[in-house]
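Me: I should like to learn how to read the features of a structural model. Could we begin with burial and then proceed to other features?

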Amino acid sequence: MRPKRSVVITMNIVAFVVVLLILSPLLMLVLNSFRETMDIYQNPLKLPEKLYTGNYSKIFQDTSFRRNFANSMTVTLVTVLLCIVITTLAGYAMSRFKFKGKNPLILWLLASQAFPGILMIIGLFSLLNRYSLQNNPIGLIILYTTFTIPFCSWLLKGYFDEIPQALEEAAMIDGCTRFQAMRKIIVPMAVPGIVAVGTFAFLLSWNEFFFALVIMRENANYTLPVFLSRFVGTGGAVEWGALSAGALITALPPILLFLLSQKYLIGGLTRGAVK
Amino acid sequence: MIVVALISVYPFVNGIYNSFFSDAVFGGGKYFSGLENFRDLMSDSLFWTGLKNNFIWSAACVGFELAIGMLIALLLNLPYIKLRGLYRALILLPWATTPVVAALIWRYIFGVMGPLNSFLNAVGFANPPNWLVTPGYSLFACIVANIWIGLPFVIVTLLAGLQSLPSDVYEAAEIDGAGVLKRFFHLTLPLMKSLILILVTLNTIWTFNMFDIVYSMTNGGPGNSSMLLSLYSYQNAFAYFQQGYASAIGVICLLILLLPVTFYIREVRNEA
(Lines give C-alpha, C1' and ligand atoms only; values in the text may rest on other atoms or scores of the structure.)
Protein backbone atom coordinates (compact mmCIF):
# COMPACT_ATOMS: atom_id res chain seq x y z
CA MET A 1 0.00 0.00 0.00
CA ARG A 2 1.64 3.20 -1.14
CA PRO A 3 0.99 6.32 0.94
CA LYS A 4 -0.72 9.27 -0.71
CA ARG A 5 1.40 11.92 -2.33
CA SER A 6 0.10 14.64 -0.04
CA VAL A 7 1.03 12.56 3.03
CA VAL A 8 4.54 12.03 1.68
CA ILE A 9 5.04 15.74 1.11
CA THR A 10 3.63 16.74 4.51
CA MET A 11 5.75 14.23 6.37
CA ASN A 12 8.89 15.35 4.55
CA ILE A 13 8.18 18.95 5.49
CA VAL A 14 7.48 17.98 9.11
CA ALA A 15 10.72 16.02 9.31
CA PHE A 16 12.67 18.95 7.90
CA VAL A 17 11.13 21.37 10.38
CA VAL A 18 11.76 19.02 13.31
CA VAL A 19 15.43 18.65 12.42
CA LEU A 20 15.75 22.39 11.93
CA LEU A 21 14.15 23.06 15.32
CA ILE A 22 16.49 20.65 17.05
CA LEU A 23 19.49 22.28 15.41
CA SER A 24 18.32 25.86 15.88
CA PRO A 25 20.09 26.48 19.22
CA LEU A 26 23.39 25.49 17.61
CA LEU A 27 22.69 27.63 14.55
CA MET A 28 21.93 30.51 16.83
CA LEU A 29 25.27 30.01 18.56
CA VAL A 30 27.07 30.15 15.22
CA LEU A 31 25.26 33.33 14.20
CA ASN A 32 25.81 35.02 17.55
CA SER A 33 29.51 34.32 17.46
CA PHE A 34 29.66 36.63 14.43
CA ARG A 35 27.73 39.50 16.02
CA GLU A 36 28.64 42.24 18.42
CA THR A 37 27.37 41.79 21.97
CA MET A 38 25.24 44.94 21.75
CA ASP A 39 23.61 43.67 18.59
CA ILE A 40 22.89 40.31 20.26
CA TYR A 41 21.17 42.06 23.15
CA GLN A 42 19.14 44.43 21.01
CA ASN A 43 17.95 42.21 18.18
CA PRO A 44 17.90 38.61 19.40
CA LEU A 45 15.77 37.41 16.52
CA LYS A 46 17.42 39.21 13.64
CA LEU A 47 20.00 37.73 11.34
CA PRO A 48 23.38 39.44 11.46
CA GLU A 49 23.79 42.05 8.74
CA LYS A 50 27.53 41.82 8.48
CA LEU A 51 30.09 39.25 9.48
CA TYR A 52 31.77 40.55 12.63
CA THR A 53 34.90 38.61 13.55
CA GLY A 54 35.92 40.70 16.54
CA ASN A 55 34.67 38.05 18.98
CA TYR A 56 37.14 35.54 17.64
CA SER A 57 40.12 37.84 17.71
CA LYS A 58 39.11 38.79 21.23
CA ILE A 59 38.80 35.26 22.53
CA PHE A 60 42.04 34.19 20.87
CA GLN A 61 43.87 37.07 22.50
CA ASP A 62 42.68 35.84 25.88
CA THR A 63 45.72 34.02 27.25
CA SER A 64 43.74 31.89 29.67
CA PHE A 65 41.49 30.74 26.82
CA ARG A 66 44.51 29.64 24.83
CA ARG A 67 46.02 27.86 27.81
CA ASN A 68 42.76 26.17 28.70
CA PHE A 69 42.27 25.09 25.12
CA ALA A 70 45.71 23.48 25.22
CA ASN A 71 44.82 21.84 28.55
CA SER A 72 41.63 20.38 27.13
CA MET A 73 43.48 19.05 24.09
CA THR A 74 46.26 17.46 26.11
CA VAL A 75 43.98 15.84 28.64
CA THR A 76 41.62 14.58 25.95
CA LEU A 77 44.21 13.19 23.56
CA VAL A 78 46.16 11.38 26.28
CA THR A 79 42.92 9.96 27.65
CA VAL A 80 41.85 8.73 24.21
CA LEU A 81 45.20 7.06 23.66
CA LEU A 82 45.27 5.38 27.07
CA CYS A 83 41.66 4.33 26.74
CA ILE A 84 42.21 2.68 23.36
CA VAL A 85 45.27 0.75 24.48
CA ILE A 86 43.80 -0.41 27.79
CA THR A 87 40.32 -1.28 26.59
CA THR A 88 41.57 -3.13 23.52
CA LEU A 89 43.60 -5.38 25.78
CA ALA A 90 40.85 -5.62 28.39
CA GLY A 91 38.10 -6.25 25.85
CA TYR A 92 40.19 -8.91 24.18
CA ALA A 93 40.91 -10.57 27.50
CA MET A 94 37.25 -10.54 28.51
CA SER A 95 36.25 -11.97 25.17
CA ARG A 96 38.85 -14.74 24.85
CA PHE A 97 39.91 -15.91 28.28
CA LYS A 98 38.03 -17.44 31.12
CA PHE A 99 39.30 -16.23 34.45
CA LYS A 100 38.12 -16.27 37.99
CA GLY A 101 35.82 -13.43 38.92
CA LYS A 102 35.11 -12.57 35.30
CA ASN A 103 31.38 -12.30 35.75
CA PRO A 104 31.49 -10.19 38.92
CA LEU A 105 34.04 -7.97 37.19
CA ILE A 106 31.79 -7.36 34.19
CA LEU A 107 28.89 -6.72 36.53
CA TRP A 108 30.90 -4.22 38.48
CA LEU A 109 31.96 -2.48 35.29
CA LEU A 110 28.32 -2.05 34.34
CA ALA A 111 27.15 -1.04 37.78
CA SER A 112 29.86 1.57 38.22
CA GLN A 113 28.22 3.54 35.44
CA ALA A 114 25.44 4.46 37.78
CA PHE A 115 27.32 5.82 40.77
CA PRO A 116 26.57 9.40 41.65
CA GLY A 117 29.57 11.51 40.67
CA ILE A 118 29.52 13.27 44.02
CA LEU A 119 30.15 10.04 45.93
CA MET A 120 33.06 9.28 43.64
CA ILE A 121 34.63 12.69 43.88
CA ILE A 122 34.55 12.93 47.66
CA GLY A 123 36.32 9.62 47.88
CA LEU A 124 38.69 10.51 45.08
CA PHE A 125 39.48 13.93 46.42
CA SER A 126 41.50 12.71 49.37
CA LEU A 127 43.14 10.07 47.19
CA LEU A 128 44.21 12.65 44.62
CA ASN A 129 45.40 14.94 47.37
CA ARG A 130 47.58 12.25 48.85
CA TYR A 131 49.45 11.79 45.56
CA SER A 132 49.33 15.55 44.81
CA LEU A 133 47.31 14.90 41.68
CA GLN A 134 44.73 17.48 42.63
CA ASN A 135 44.92 20.62 40.50
CA ASN A 136 47.01 18.56 38.12
CA PRO A 137 46.09 17.53 34.56
CA ILE A 138 47.48 14.06 35.23
CA GLY A 139 44.84 13.57 37.90
CA LEU A 140 42.14 14.43 35.39
CA ILE A 141 43.62 12.07 32.81
CA ILE A 142 43.63 9.21 35.29
CA LEU A 143 40.03 9.91 36.24
CA TYR A 144 38.74 10.17 32.69
CA THR A 145 40.57 7.05 31.63
CA THR A 146 39.02 5.06 34.46
CA PHE A 147 35.59 6.45 33.56
CA THR A 148 35.86 5.32 29.96
CA ILE A 149 37.23 1.89 30.70
CA PRO A 150 34.07 0.10 31.88
CA PHE A 151 31.84 1.00 28.97
CA CYS A 152 34.58 0.86 26.34
CA SER A 153 35.92 -2.56 27.30
CA TRP A 154 32.36 -3.84 27.37
CA LEU A 155 31.80 -2.42 23.90
CA LEU A 156 35.02 -3.86 22.50
CA LYS A 157 34.32 -7.22 24.11
CA GLY A 158 31.22 -7.29 21.92
CA TYR A 159 33.28 -6.60 18.80
CA PHE A 160 35.87 -9.25 19.66
CA ASP A 161 33.13 -11.78 20.40
CA GLU A 162 31.99 -11.51 16.80
CA ILE A 163 35.43 -12.25 15.35
CA PRO A 164 35.79 -16.03 15.07
CA GLN A 165 38.46 -17.57 17.30
CA ALA A 166 39.50 -19.78 14.40
CA LEU A 167 41.18 -16.82 12.73
CA GLU A 168 43.76 -16.27 15.41
CA GLU A 169 44.14 -20.00 16.01
CA ALA A 170 45.11 -20.34 12.36
CA ALA A 171 47.61 -17.52 12.72
CA MET A 172 49.06 -19.14 15.82
CA ILE A 173 49.48 -22.46 14.03
CA ASP A 174 51.32 -20.57 11.32
CA GLY A 175 53.80 -19.39 13.93
CA CYS A 176 52.41 -16.18 15.39
CA THR A 177 52.47 -15.64 19.10
CA ARG A 178 49.09 -14.82 20.61
CA PHE A 179 50.03 -11.18 20.90
CA GLN A 180 51.13 -11.05 17.26
CA ALA A 181 47.93 -12.73 16.19
CA MET A 182 45.96 -10.20 18.13
CA ARG A 183 47.89 -7.25 16.78
CA LYS A 184 47.99 -8.31 13.14
CA ILE A 185 44.66 -10.08 12.67
CA ILE A 186 42.16 -9.25 15.37
CA VAL A 187 42.81 -5.58 16.04
CA PRO A 188 42.56 -4.54 12.37
CA MET A 189 39.23 -6.35 12.18
CA ALA A 190 37.95 -4.49 15.22
CA VAL A 191 38.81 -1.05 13.85
CA PRO A 192 35.17 0.13 13.77
CA GLY A 193 34.89 -0.71 17.45
CA ILE A 194 38.16 1.02 18.26
CA VAL A 195 37.06 4.14 16.39
CA ALA A 196 33.81 4.11 18.36
CA VAL A 197 35.69 3.74 21.63
CA GLY A 198 38.11 6.54 20.73
CA THR A 199 35.28 8.89 19.84
CA PHE A 200 33.44 8.03 23.03
CA ALA A 201 36.54 8.73 25.12
CA PHE A 202 37.09 12.00 23.27
CA LEU A 203 33.54 13.18 23.86
CA LEU A 204 33.63 12.20 27.50
CA SER A 205 36.89 13.86 28.43
CA TRP A 206 36.47 16.94 26.25
CA ASN A 207 32.94 17.67 27.46
CA GLU A 208 33.30 16.66 31.10
CA PHE A 209 32.69 19.48 33.54
CA PHE A 210 31.98 18.35 37.09
CA PHE A 211 35.28 16.67 37.92
CA ALA A 212 37.31 19.30 36.12
CA LEU A 213 35.49 21.97 38.13
CA VAL A 214 36.25 20.27 41.42
CA ILE A 215 39.81 19.22 40.75
CA MET A 216 41.22 22.17 38.86
CA ARG A 217 41.67 25.04 41.28
CA GLU A 218 43.71 27.48 39.20
CA ASN A 219 42.87 29.41 36.05
CA ALA A 220 45.92 28.07 34.30
CA ASN A 221 44.79 24.47 34.74
CA TYR A 222 41.13 24.79 33.72
CA THR A 223 39.69 22.90 30.82
CA LEU A 224 37.40 24.66 28.36
CA PRO A 225 34.03 23.86 30.00
CA VAL A 226 35.30 25.29 33.29
CA PHE A 227 36.71 28.29 31.44
CA LEU A 228 33.29 28.98 29.91
CA SER A 229 31.43 28.67 33.17
CA ARG A 230 33.88 31.08 34.81
CA PHE A 231 33.69 33.44 31.84
CA VAL A 232 29.94 33.77 32.09
CA GLY A 233 30.25 34.78 35.73
CA THR A 234 27.50 34.66 38.30
CA GLY A 235 25.56 37.82 37.58
CA GLY A 236 25.45 41.05 35.66
CA ALA A 237 25.61 41.47 31.92
CA VAL A 238 27.10 38.59 30.02
CA GLU A 239 29.37 39.29 27.12
CA TRP A 240 27.54 37.00 24.76
CA GLY A 241 29.57 37.81 21.67
CA ALA A 242 32.93 36.62 22.90
CA LEU A 243 31.26 33.90 24.94
CA SER A 244 29.53 32.53 21.85
CA ALA A 245 32.81 32.46 19.96
CA GLY A 246 34.47 30.61 22.84
CA ALA A 247 31.53 28.24 23.21
CA LEU A 248 31.53 27.46 19.50
CA ILE A 249 35.24 26.70 19.52
CA THR A 250 34.63 24.44 22.51
CA ALA A 251 31.75 22.61 20.91
CA LEU A 252 33.33 22.25 17.49
CA PRO A 253 35.97 19.52 18.00
CA PRO A 254 33.56 16.95 19.49
CA ILE A 255 30.90 17.79 16.90
CA LEU A 256 33.29 17.44 13.96
CA LEU A 257 34.80 14.25 15.29
CA PHE A 258 31.35 12.93 15.90
CA LEU A 259 30.19 13.69 12.35
CA LEU A 260 33.25 11.91 10.98
CA SER A 261 32.87 8.75 13.00
CA GLN A 262 29.14 8.68 13.71
CA LYS A 263 28.64 5.60 11.54
CA TYR A 264 30.79 3.54 13.90
CA LEU A 265 29.71 5.26 17.08
CA ILE A 266 25.96 4.86 16.61
CA GLY A 267 26.42 1.19 15.82
CA GLY A 268 28.49 0.77 18.95
CA LEU A 269 26.23 2.71 21.26
CA THR A 270 22.97 1.14 20.22
CA ARG A 271 24.08 -2.44 19.70
CA GLY A 272 24.06 -3.24 23.40
CA ALA A 273 20.49 -2.10 23.82
CA VAL A 274 19.03 -3.52 20.63
CA LYS A 275 20.50 -6.98 20.53
CA MET B 1 42.24 -4.80 35.54
CA ILE B 2 42.88 -4.88 39.23
CA VAL B 3 44.07 -1.30 39.15
CA VAL B 4 40.94 -0.23 37.32
CA ALA B 5 38.76 -2.07 39.79
CA LEU B 6 40.62 -0.45 42.66
CA ILE B 7 40.29 3.03 41.27
CA SER B 8 36.59 2.53 40.78
CA VAL B 9 35.93 0.69 44.04
CA TYR B 10 38.00 2.76 46.43
CA PRO B 11 36.31 6.15 46.01
CA PHE B 12 32.95 4.49 46.16
CA VAL B 13 33.63 2.72 49.43
CA ASN B 14 35.36 5.76 50.83
CA GLY B 15 32.41 7.93 49.84
CA ILE B 16 29.95 5.76 51.70
CA TYR B 17 32.32 5.49 54.64
CA ASN B 18 32.58 9.28 54.74
CA SER B 19 28.86 9.68 55.07
CA PHE B 20 29.11 8.41 58.65
CA PHE B 21 31.50 11.18 59.60
CA SER B 22 30.97 14.83 60.26
CA ASP B 23 33.35 17.67 59.56
CA ALA B 24 34.17 19.97 62.40
CA VAL B 25 33.20 23.46 61.37
CA PHE B 26 36.32 25.15 62.76
CA GLY B 27 38.95 22.76 61.49
CA GLY B 28 40.05 19.89 63.69
CA GLY B 29 39.31 17.14 61.20
CA LYS B 30 36.38 14.82 61.14
CA TYR B 31 34.82 12.64 63.74
CA PHE B 32 32.62 9.61 63.63
CA SER B 33 29.01 10.60 63.98
CA GLY B 34 27.11 7.49 62.99
CA LEU B 35 23.82 8.25 61.37
CA GLU B 36 23.80 11.87 62.44
CA ASN B 37 24.27 13.16 58.87
CA PHE B 38 21.23 11.22 57.77
CA ARG B 39 19.18 12.44 60.73
CA ASP B 40 20.13 16.01 59.87
CA LEU B 41 19.13 15.43 56.28
CA MET B 42 15.67 14.36 57.32
CA SER B 43 15.05 17.72 58.96
CA ASP B 44 16.80 19.75 56.24
CA SER B 45 14.07 21.40 54.18
CA LEU B 46 16.51 22.19 51.38
CA PHE B 47 17.25 18.50 51.05
CA TRP B 48 13.54 17.80 50.61
CA THR B 49 13.25 20.58 48.02
CA GLY B 50 16.15 19.02 46.17
CA LEU B 51 14.65 15.57 46.40
CA LYS B 52 11.28 16.77 45.16
CA ASN B 53 12.92 18.69 42.32
CA ASN B 54 14.99 15.66 41.44
CA PHE B 55 11.86 13.58 40.99
CA ILE B 56 10.13 16.28 38.94
CA TRP B 57 13.29 16.78 36.92
CA SER B 58 13.90 13.08 36.23
CA ALA B 59 10.28 12.25 35.48
CA ALA B 60 9.80 15.24 33.19
CA CYS B 61 13.08 14.79 31.33
CA VAL B 62 12.83 11.04 30.88
CA GLY B 63 9.10 11.07 30.11
CA PHE B 64 9.19 13.84 27.52
CA GLU B 65 12.36 12.49 25.96
CA LEU B 66 10.70 9.13 25.49
CA ALA B 67 7.43 10.54 24.14
CA ILE B 68 8.95 13.13 21.81
CA GLY B 69 11.78 10.78 20.89
CA MET B 70 9.33 8.06 19.89
CA LEU B 71 7.34 10.46 17.68
CA ILE B 72 10.49 11.69 15.94
CA ALA B 73 11.88 8.17 15.58
CA LEU B 74 8.63 6.99 13.99
CA LEU B 75 8.73 9.98 11.67
CA LEU B 76 12.31 9.40 10.60
CA ASN B 77 11.63 5.72 10.16
CA LEU B 78 9.12 6.37 7.36
CA PRO B 79 10.69 4.92 4.22
CA TYR B 80 9.75 7.87 2.03
CA ILE B 81 11.48 10.58 4.08
CA LYS B 82 14.24 12.07 1.97
CA LEU B 83 17.71 12.56 3.50
CA ARG B 84 16.98 10.18 6.36
CA GLY B 85 20.64 9.33 6.85
CA LEU B 86 21.63 12.98 7.00
CA TYR B 87 18.83 13.80 9.45
CA ARG B 88 19.84 10.95 11.69
CA ALA B 89 23.41 12.25 11.86
CA LEU B 90 22.40 15.90 12.36
CA ILE B 91 19.85 15.13 15.03
CA LEU B 92 22.61 13.69 17.22
CA LEU B 93 24.59 16.92 17.33
CA PRO B 94 23.04 18.19 20.60
CA TRP B 95 24.23 15.00 22.23
CA ALA B 96 27.82 15.64 21.11
CA THR B 97 27.64 19.27 22.21
CA THR B 98 29.53 20.11 25.40
CA PRO B 99 26.82 20.25 28.11
CA VAL B 100 28.16 23.50 29.50
CA VAL B 101 27.90 25.05 26.03
CA ALA B 102 24.35 23.74 25.72
CA ALA B 103 23.47 25.23 29.10
CA LEU B 104 24.89 28.59 28.05
CA ILE B 105 22.95 28.59 24.77
CA TRP B 106 19.73 27.87 26.63
CA ARG B 107 20.55 30.42 29.27
CA TYR B 108 20.72 32.93 26.45
CA ILE B 109 17.49 31.67 24.86
CA PHE B 110 15.60 31.95 28.14
CA GLY B 111 17.15 35.30 29.06
CA VAL B 112 14.98 38.34 29.91
CA MET B 113 15.59 39.92 26.53
CA GLY B 114 16.47 36.65 24.86
CA PRO B 115 15.14 35.22 21.63
CA LEU B 116 12.31 33.30 23.30
CA ASN B 117 10.82 36.35 24.97
CA SER B 118 11.33 38.49 21.85
CA PHE B 119 9.45 35.85 19.93
CA LEU B 120 6.66 35.71 22.52
CA ASN B 121 6.41 39.49 22.41
CA ALA B 122 6.29 39.45 18.65
CA VAL B 123 3.41 36.98 18.54
CA GLY B 124 1.43 38.98 21.07
CA PHE B 125 2.30 37.72 24.55
CA ALA B 126 2.98 40.91 26.43
CA ASN B 127 5.17 40.54 29.54
CA PRO B 128 6.52 37.03 29.12
CA PRO B 129 8.03 35.73 32.36
CA ASN B 130 11.63 36.24 33.26
CA TRP B 131 12.28 32.53 33.04
CA LEU B 132 15.56 32.02 34.83
CA VAL B 133 14.84 34.14 37.89
CA THR B 134 11.25 33.12 38.56
CA PRO B 135 10.69 30.16 40.88
CA GLY B 136 9.06 27.31 39.01
CA TYR B 137 9.96 28.62 35.57
CA SER B 138 13.68 28.29 36.23
CA LEU B 139 13.47 24.54 36.80
CA PHE B 140 11.27 24.31 33.72
CA ALA B 141 13.93 26.09 31.64
CA CYS B 142 16.59 23.67 32.88
CA ILE B 143 14.36 20.73 32.01
CA VAL B 144 13.90 22.00 28.46
CA ALA B 145 17.66 22.35 28.05
CA ASN B 146 18.28 18.86 29.39
CA ILE B 147 15.64 17.37 27.11
CA TRP B 148 17.41 18.98 24.18
CA ILE B 149 20.64 17.21 25.18
CA GLY B 150 19.03 13.87 26.00
CA LEU B 151 16.63 13.57 23.09
CA PRO B 152 19.16 12.56 20.39
CA PHE B 153 20.28 9.42 22.15
CA VAL B 154 16.67 8.36 22.71
CA ILE B 155 15.76 8.97 19.07
CA VAL B 156 18.70 7.04 17.70
CA THR B 157 18.21 4.08 20.03
CA LEU B 158 14.51 3.91 19.21
CA LEU B 159 15.27 4.21 15.50
CA ALA B 160 17.68 1.31 15.71
CA GLY B 161 14.97 -0.65 17.51
CA LEU B 162 12.34 0.22 14.93
CA GLN B 163 14.60 -0.84 12.11
CA SER B 164 15.18 -4.24 13.64
CA LEU B 165 11.45 -5.03 13.83
CA PRO B 166 10.32 -7.89 11.57
CA SER B 167 8.49 -6.47 8.55
CA ASP B 168 6.43 -9.57 7.77
CA VAL B 169 4.40 -9.18 10.97
CA TYR B 170 3.47 -5.68 9.90
CA GLU B 171 2.46 -6.79 6.44
CA ALA B 172 0.24 -9.45 7.96
CA ALA B 173 -1.33 -6.92 10.32
CA GLU B 174 -1.92 -4.52 7.48
CA ILE B 175 -3.64 -7.21 5.42
CA ASP B 176 -5.79 -7.97 8.44
CA GLY B 177 -6.83 -4.34 8.41
CA ALA B 178 -5.06 -3.03 11.52
CA GLY B 179 -4.75 0.76 11.41
CA VAL B 180 -1.67 2.82 12.14
CA LEU B 181 -2.51 3.38 15.81
CA LYS B 182 -3.50 -0.22 16.38
CA ARG B 183 -0.26 -1.43 14.80
CA PHE B 184 1.73 0.94 17.01
CA PHE B 185 0.08 -0.05 20.29
CA HIS B 186 -0.35 -3.75 19.62
CA LEU B 187 2.81 -4.49 17.64
CA THR B 188 5.50 -1.82 17.91
CA LEU B 189 5.26 -1.15 21.63
CA PRO B 190 5.11 -4.80 22.78
CA LEU B 191 7.94 -5.78 20.41
CA MET B 192 10.15 -2.98 21.67
CA LYS B 193 9.25 -3.39 25.32
CA SER B 194 12.62 -4.55 26.59
CA LEU B 195 14.52 -1.98 24.54
CA ILE B 196 12.34 0.82 25.89
CA LEU B 197 12.74 -0.43 29.45
CA ILE B 198 16.54 -0.46 29.22
CA LEU B 199 16.54 2.93 27.58
CA VAL B 200 14.31 4.47 30.25
CA THR B 201 16.36 2.92 33.06
CA LEU B 202 19.68 4.14 31.70
CA ASN B 203 18.26 7.54 30.97
CA THR B 204 16.81 7.81 34.48
CA ILE B 205 20.20 7.05 36.01
CA TRP B 206 21.96 9.64 33.86
CA THR B 207 19.32 12.29 34.36
CA PHE B 208 19.09 11.79 38.11
CA ASN B 209 22.80 12.52 38.57
CA MET B 210 22.99 15.38 36.06
CA PHE B 211 24.88 18.39 37.33
CA ASP B 212 26.21 20.60 34.52
CA ILE B 213 22.92 22.07 33.31
CA VAL B 214 21.49 23.37 36.54
CA TYR B 215 24.89 24.55 37.76
CA SER B 216 25.48 26.58 34.61
CA MET B 217 21.94 27.83 34.04
CA THR B 218 20.55 28.80 37.45
CA ASN B 219 22.96 27.43 40.06
CA GLY B 220 19.86 26.21 41.87
CA GLY B 221 18.22 29.60 42.02
CA PRO B 222 16.27 31.70 42.44
CA GLY B 223 16.15 31.04 46.16
CA ASN B 224 17.06 27.36 45.71
CA SER B 225 13.84 26.77 43.77
CA SER B 226 15.66 24.79 41.09
CA MET B 227 18.00 23.00 43.49
CA LEU B 228 18.89 19.41 42.57
CA LEU B 229 20.52 16.88 44.87
CA SER B 230 23.71 16.69 42.80
CA LEU B 231 24.14 20.44 43.08
CA TYR B 232 23.24 20.56 46.78
CA SER B 233 25.73 17.84 47.50
CA TYR B 234 28.40 19.67 45.52
CA GLN B 235 27.75 22.88 47.42
CA ASN B 236 28.01 21.08 50.73
CA ALA B 237 31.26 19.41 49.82
CA PHE B 238 33.09 22.25 48.11
CA ALA B 239 31.49 25.48 49.30
CA TYR B 240 30.61 24.64 52.91
CA PHE B 241 33.26 21.91 53.30
CA GLN B 242 30.79 19.46 54.79
CA GLN B 243 32.02 16.40 52.97
CA GLY B 244 30.37 13.96 55.30
CA TYR B 245 27.03 15.62 54.80
CA ALA B 246 27.60 15.74 51.03
CA SER B 247 28.44 12.04 51.05
CA ALA B 248 25.24 11.31 52.90
CA ILE B 249 23.27 13.01 50.11
CA GLY B 250 25.20 10.95 47.59
CA VAL B 251 24.36 7.77 49.49
CA ILE B 252 20.66 8.66 49.41
CA CYS B 253 20.90 9.19 45.64
CA LEU B 254 22.60 5.84 45.33
CA LEU B 255 19.91 4.11 47.38
CA ILE B 256 17.20 5.64 45.21
CA LEU B 257 19.04 4.57 42.08
CA LEU B 258 19.66 1.07 43.36
CA LEU B 259 16.34 -0.12 42.02
CA PRO B 260 16.84 0.99 38.40
CA VAL B 261 20.49 -0.11 38.54
CA THR B 262 19.72 -3.68 39.57
CA PHE B 263 17.00 -3.77 36.99
CA TYR B 264 19.37 -2.53 34.29
CA ILE B 265 22.03 -5.08 35.17
CA ARG B 266 19.52 -7.91 35.17
CA GLU B 267 18.15 -6.91 31.79
CA VAL B 268 21.59 -6.52 30.22
CA ARG B 269 22.64 -9.90 31.53
CA ASN B 270 19.50 -11.50 30.16
CA GLU B 271 20.18 -9.97 26.78
CA ALA B 272 23.83 -10.99 26.70
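Reply: A residue is called buried when its relative accessible area is under 20%. The model shown here is predicted. In helix α13 of chain B, the buried residues are Leu229(B), Ser230(B), Leu231(B), Tyr232(B), Ser233(B), Tyr234(B), Gln235(B), Asn236(B), Ala237(B) and Phe238(B).

Me: What does this say about how helix α13 of chain B is placed relative to the rest of the structure?

Reply: Helix α13 of chain B spans residues 229-238, and 10 of its 10 residues are buried, so the helix is largely enclosed by the rest of the structure.

Me: Which residues of α11(B) are buried?

Reply: In α11(B) they are Leu195(B), Ile196(B), Ile198(B), Leu199(B), Thr201(B), Leu202(B), Asn203(B), Ile205(B), Thr207(B) and Phe208(B). The geometry of this helix can be read as well: α11 of chain B covers residues 193-208, which is 16 residues. From first to last C-alpha it reaches 22 Å, close to the 22 Å expected at 1.5 Å a residue.

Me: How many helices and strands does chain A have?

Reply: Chain A has 13 helices and 0 strands. Of its 275 residues, 53% count as buried. One may also ask how far apart in sequence the contacting residues lie. Among the contacts in chain A with a separation of 6 or more, 75% join residues 24 or more positions apart.

Me: How should the interface of chain A and chain B be read, and what area is buried there?

Reply: One reads the area together with the residues that take part. About 7,100 Å² is buried between chain A and chain B, and carbon and sulfur atoms give 79% of that area. By class, the side of chain A that touches chain B has 63 nonpolar, 13 polar and 4 charged residues. The contact takes 80 residues from chain A and 80 residues from chain B.

Me: How many salt bridges and polar contacts are found across it?

Reply: The rule finds 0 salt bridges across the interface of chain A and chain B. The count of residue pairs in polar contact, with both residues at pLDDT 80 or more, is 6.

Me: Which residues does Ser229(A) touch?

Reply: Ser229(A) lies in helix α12 of chain A, residues 224-232. Not counting residues up to four places away in sequence, Ser229(A) touches Phe209(A), Val100(B) and Tyr215(B). At 11% relative accessibility, Ser229(A) counts as buried.

Me: How is the sign of phi to be read?

Reply: Most residues other than glycine have a negative phi. Asn135(A), although not a glycine, has a positive phi of about 60°. Asn135(A) sits in the loop between α6 (117-130) and α7 (137-162) of chain A. In chain B, Leu83(B) has a positive phi near 60°. Leu83(B) is placed in the loop between α3 (45-77) and α4 (84-90).

Me: Is Leu83(B) buried or exposed?

Reply: Leu83(B) has 52% relative accessibility and therefore counts as exposed.

Me: Where does Thr134(B) lie?

Reply: Thr134(B) is in the loop between α7 (115-122) and α8 (137-163) of chain B. At 24% relative accessibility, Thr134(B) counts as partly exposed. Its side chain reaches the backbone oxygen of Asn130(B) at 2.6 Å. Separation in sequence and distance in space should be read side by side: Thr134(B) and Gly221(B) are 87 residues apart in sequence and 8.5 Å apart in space, C-alpha to C-alpha.

Conventions:
Residues are numbered from 1 along each chain as its sequence is written. Chains are lettered from A and ligands numbered from 1 in the order in which they are written. This is a predicted model: local features need pLDDT of at least 70, side-chain atom pairs count only at pLDDT 80 or more; totals for chains, interfaces and linings use all residues. Side-chain values use heavy atoms; hydrogens and water are left out. Buried means under 20% relative accessible area, exposed over 50%, partly exposed in between (1.4 Å probe, protein chains only). Helices (H or I, at least four residues) and strands (E, at least two) are DSSP runs, numbered from the N terminus. Contact means heavy atoms within 4.5 Å. Buried area is the accessible area (1.4 Å probe) that two parts lose on being put together, summed over both. A salt bridge is a side-chain nitrogen of Lys or Arg within 4 Å of a carboxyl oxygen of Asp or Glu. A polar contact is a pair of N or O atoms within 3.5 Å; within protein, one must be able to donate a hydrogen and the other to accept it, and residues adjacent in sequence count only if both atoms are side-chain atoms. Ala, Val, Leu, Ile, Met, Phe, Trp, Tyr, Cys and Pro count as nonpolar, Asp, Glu, Lys and Arg as charged, and the others, Gly among them, as polar. The expected span of a helix is 1.5 Å times one less than its number of residues.
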